[in-house]
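Reader: I'd like to go through this one label by label. Can you show me the model and then tell me what backs each term?

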Amino acid sequence: MKALLLSLVLLPLAALAQAPTIEISGANFRPLPVAVPAPVTQNDGGKKLAPAFDQAFSFDLAASGILQVLDRKSFTADPTEGMTAGTIKFPRWADVGAEALVKVSLAQDGGTLRGELRLFNVGTGREDLKVAKDAPADNPSLLAHRLADALYRHFTREPSPFLSRITYVRKAGSNRDIVVADWDGGNAQSLTKGGINILPGLSPDGAKVAFTTYRKGRPDIFVQAPGGEARSVVSEGQMATGAAFSPDGKRMAYALAEGESAQIYVASADGSGAKAVTDTPYGLNTSPTWSPDGKRIAFVSNRGGSPQIYVMGADGSGVRRLTFQGNYNQTPDWSPRGDLIVFTARDERNAFDLFTVNVDTGKVTRLTQDQGSNEEPAFSPNGRLILFTTTRNGGSQLFVMTADGSSQLPLRAEKGTLQTPDWAPLPQAQ
């Protein structure tokens, strides 16, 4: 849809003893082989909710990029084996290539689902982590995300994206509706009902979505919280699109088309105090995305003759062209880590694929190739994963991959034509 606008180095566990850490960088990085048997259930309620929990938990670990989750069909350990080190035969787990073992027990207590996770070092037989979490019994995937987040934090010393939210457009007939969901596509909730609603952007706290809608007969920008009323914030020009909240949630950048040009504007989050920060009378400037410190904006412009990625100060100063390869680059998203911008490019075969460009050096890296059209990327809150759309299996699906293009997996999202995803950034400390 956005295309229409411009047409770990793995450190040895033994050496780290009490604080095993996976550093996700460097040529020697490899995911840690981990065995994750099915959850142990302590009562009938836990048994009933275990499949939904297990599906979400397994997906979190598989998509994390730091773990190689081993196939359960290869396991030779006794499935009735206990949860404590003294009851586990670690050589059985070593035989299948596991370097770590994750065990989870579940029990329902009234309206609450409780879970306990234990992480073991297979080589030493040592228990490295024990954590307990709970969640409402009607949302077992939330418990899965909480336990997976605890495991991710243990290994990386940084937050996971598993508790974050995403938004996207669901196309059905002539309607395009905004949907908000868990990071993996679960617990999806429609924000709009009918009409044409496109290009959603989540606020930093994930509490509201800015989007372009034709509900007044022309494309204006509205903001809406799930379950709340939509509120118009930009109703000017011929077309207002591509709203993006600043990292602190206090400002909004968007593109406003008028006559033969489209300019980037920055306004307060409620739409007030709007100011144009580009000025190319016959050029198109669209798709703004903020740097994590809120001081710069990357955007797409055809001022040089073809759509390319540019960077400027949030006040419009210091404009610099960032991409020089290819003749059609679009839909940029700035990594929360600050170093990379991911974008869509059309190659010489007219196929759309995903690339990253280093903001400082301009180095471009290709992430996808020969798997349908891949477009509309969005970084995870920790900058380690990228959400995107792909046609590789027919239609338009949501996939996720690591920031280097590996571990490409379909989300557990609803079926249908899904477009223009966005991922809420981490809110700044207040």
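**Surface, size and labels**

Author: Sure, starting with the surface: the chain has an accessible surface of about 17,900 Å², and carbon and sulfur atoms hold 48% of it. Keep in mind that this is a predicted model.

Reader: What makes the radius of gyration of the chain agree with a compact globule?

Author: For 430 residues the globule rule gives a value near 22 Å, and the chain has 23 Å, so the two agree. Along the principal axes, the C-alpha trace spans about 75 × 45 × 45 Å.

Reader: How many helices and strands are in the chain, and what share of the residues counts as buried?

Author: The chain has four helices and 30 strands. Of its 430 residues, 55% count as buried.

Reader: Why is T356 called buried?

Author: The cut-off for buried is under 20% relative accessible area. T356 has 3% relative accessibility, so T356 counts as buried. T356 sits in strand β24, residues 352-358. Leaving out residues up to four places away in sequence, T356 touches L340, I341, V342, F343, K363, V364, T365, L367 and A403.

Reader: What makes L199 buried?

Author: Same test: buried means under 20%, and L199 has 4% relative accessibility, so L199 counts as buried. L199 belongs to strand β10, residues 197-202. From the C-alpha atom of L199 to that of A403 is 22 Å, with their positions 204 residues apart along the chain.

Reader: And Q224, why is that one buried or exposed?

Author: Buried: the relative accessible area of Q224 is 8%, which is under the 20% cut-off. Q224 is in strand β12, residues 220-224. Its contacts, not counting residues up to four places away in sequence, are L191, T192, K208, V209, F211, E229 and A230. Q224 and F343 are 119 residues apart along the chain, and their C-alpha atoms are separated by 27 Å.

Reader: Why is S373 called partly exposed?

Author: Partly exposed lies in between the cut-offs of 20% and 50%. S373 has 23% relative accessibility, so S373 counts as partly exposed. S373 is in the loop between β25 (364-366) and β26 (374-379). Neighbours within four places in sequence aside, S373 is in contact with F352, T389, T390 and T391. The C-alpha atoms of S373 and T41 are 42 Å apart, and the two residues are 332 residues apart along the chain.

Reader: What makes R337 partly exposed?

Author: R337 has a relative accessible area of 41%, which again falls in between 20% and 50%. R337 is in the loop between β22 (329-334) and β23. Not counting residues up to four places away in sequence, R337 touches E158, P292, N382, G383 and R384. R337 and V102 are 29 Å apart in space, C-alpha to C-alpha, and 235 residues apart in sequence.

Reader: Which backbone value is notable at R157, and what is its exposure class?

Author: Phi of R157 is near 60°, a positive value in a residue other than glycine. R157 is in the loop between α4 and β7 (165-172). With 46% relative accessibility, R157 counts as partly exposed.

Reader: What about phi of N350, and why is N350 called exposed?

Author: Phi of N350 is near 65°, also positive in a residue other than glycine. Exposed means over 50%, and N350 has 56% relative accessibility, so N350 counts as exposed. N350 is in the loop between β23 (340-346) and β24.

Reader: How do you know how α2 and α4 pack?

Author: Two packed helices are described by the angle between their axes and the distance between the axes. For α2 (residues 44-63) and α4 (residues 140-156), the angle is about 35° and the axes are 8 Å apart. The crossing of α2 past α4 is right-handed.

Reader: Which residues of α2 and α4 meet, and how do they divide by type?

Author: On α2 they are L49, A52, F53, A56, F57, D60 and L61, which meet P140, S141, L143, A144, H145, L147, A148 and L151 of α4. The residues of this contact divide into twelve nonpolar, two polar and one charged.

Definitions and conventions. Residues are numbered from 1 along each chain as its sequence is written. This is a predicted model: local features need pLDDT of at least 70, side-chain atom pairs count only at pLDDT 80 or more; totals for chains, interfaces and linings use all residues. Side-chain values use heavy atoms; hydrogens and water are left out. Axes are lines fitted to C-alpha atoms, for helices over the stretch in contact, and angles run from 0 to 180 degrees between N-to-C directions. Helices (H or I, at least four residues) and strands (E, at least two) are DSSP runs, numbered from the N terminus. A crossing is left-handed if the near helix is turned anticlockwise from the far one by less than a right angle, and right-handed if clockwise. Contact means heavy atoms within 4.5 Å. Ala, Val, Leu, Ile, Met, Phe, Trp, Tyr, Cys and Pro count as nonpolar, Asp, Glu, Lys and Arg as charged, and the others, Gly among them, as polar. The radius of gyration is taken over C-alpha atoms; the globule rule is 2.2 Å times the number of residues to the power 0.38. Buried means under 20% relative accessible area, exposed over 50%, partly exposed in between (1.4 Å probe, protein chains only). Accessible areas come from the Shrake-Rupley method with a 1.4 Å probe; for residues, only the protein chains shown count as cover.
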